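Work through the exercises below with the structure open. Try each task before reading its solution.

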Amino acid sequence: MAWNEPGGNNNDPWKNRGGKEQGPPDLDDVFKNLFGKFGKSGGNGGGSGKSLGGIGAGILVGLLVVIWFISGFYTIREAERGVVLRFGEYYQQVEPGLRWAPTFIDTVIPVDVQSIRDQSSSGSMLTEDENVVSVQMEMQFRVVDPFRWTFAVESPEQSLSQSLDSAIRYVVGHSKMDDVLTDGREVTRQRVWEELQAIIEPYNMGVSIIDMNFRDARPPEQVKDAFDDAIAAQEDEQRFIREAEAYAREIEPRARGQVNRMNEEAQAYKEQVTLEAQGEVARFKELLPQYERAPQVTRERIYLETMEEVLSSTSKIMVDSKGGNNMMYLPLDKIMERQQSTSKERSRSTLEGLQAPVTDANGRSRNSSPTSGLRGDSFREGR
């Protein structure tokens, strides 16, 4: 008969007489009743009691073993490495993943080996030229050897902080104030980095310095305004230098272009002069046979051509009569304005009129004098 059927209340394992409370009893009562039955069986049954007591102890031991085994599971994250200690002594290093270690025997210390850690230092320091500056620097590092990071020194982060302080104070103490505050900041940062590496290298702490940042460097408040002006002046100097370099880069191509153009013009002028000289030489070579055959006629013709070329570019001609005080003036500009279409013929006519015989007071022709030919020759030689 089921316990929940009519008349089956005596079979209710939860002892709910009357059927008003149908919920399970308290677990503490259940365990007390269970252990009580084991105790009664052991006191009344002799050998059977001993066997039941052994079974209960075995179950308890089994539960403890299961709990001990389950408690040994642990997880190492992707960015970590595990340092395993067995009875307090280094045993091995484990990779990321689900791992198991015997509880109370092995101890696992997870160490982050991928994250970039920061360590900063600041303070007022004395420079080489006996000035006080306030310096703030920040170091970035990463753990590369979990075992050395855990066991090389007692407190690795504190040791790094003290090493950074020592490196900064050493470098600042061997630098001038202007170098730390102005254009020597990068050199100071690099020197602090090198000095810090030299300090921590003997300890083999298992860390790698990633970067060193020069956060701030300022003079004492009493002279801060003067140093701000000095820094502003240096920045203006750099700006002017960059502007001058930009101007030079702008002017240089233009100047090179002008130089190339002048070279080309000079080369063209050279070729022009050379060709004109060759043409003049060729023309004189052609005139030479004619001059040898008729020197007087050739001289007169060359003289007329020369005078035509010279006088064509002027509008006023002054003629001085030999042996007299009168000076003749020929207004060629007026004549050329009236007769533009026949200016060349009129000029030739005027020149021919000048070459006409002119007699002096004694009746002698001036053009027939022996000095006329010499005057034409001297003109041509001067040309």
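**Exercise 1. Classify the exposure of E186, then find its salt-bridge partner and network.**

Step 1. E186 has a relative accessible area of 48%, so it is partly exposed (buried is under 20%, exposed over 50%, partly exposed in between, with a 1.4 Å probe and protein chains only). The model is predicted: local features need pLDDT of at least 70, side-chain atom pairs count only at pLDDT 80 or more, and totals for chains, interfaces and linings use all residues. Residues are numbered from 1 along each chain as its sequence is written, and side-chain values use heavy atoms, with hydrogens and water left out.

Step 2. Look for a salt bridge (a side-chain nitrogen of Lys or Arg within 4 Å of a carboxyl oxygen of Asp or Glu). E186 pairs with R189 at 2.7 Å, N to O.

Step 3. Place the pair. Both residues sit in helix α6 (residues 185-200), 3 residues apart, about one turn of the helix. Helices are DSSP runs of H or I with at least four residues, strands are runs of E with at least two, and both are numbered from the N terminus.

Step 4. Check the partner. R189 is buried, at 14% relative accessibility.

Step 5. Extend the pair. A network of salt bridges links E186, R189 and D211.

**Exercise 2. Work out which elements the R86 salt bridge joins.**

Step 1. R86 bridges to D106, with the closest N and O atoms 2.7 Å apart.

Step 2. R86 belongs to strand β2 (residues 80-86) and D106 to strand β5 (residues 106-112), so the pair ties together parts 20 residues apart in sequence.

Step 3. Compare exposure. R86 is partly exposed at 30%. D106 is buried at 12%.

**Exercise 3. Find how R254 and E250 are spaced in their helix.**

Step 1. Their side chains form a salt bridge, 3.6 Å from N to O.

Step 2. Both lie in helix α7 (residues 224-293), 4 residues apart, or about one helical turn.

Step 3. Apply the general rule. An α-helix has 3.6 residues a turn, so residues three or four places apart point the same way.

Step 4. R254 is partly exposed at 46%. E250 is partly exposed at 47%.

**Exercise 4. Test the span of helix α8 against its expected length.**

Step 1. Helix α8 covers residues 295-311, which is 17 residues. The expected span is 1.5 Å times one less than the number of residues.

Step 2. That gives 24 Å, and the end C-alpha atoms are 24 Å apart, so the values agree.

Step 3. List the buried residues of α8: T298, R299, Y303, T306, M307 and L311.
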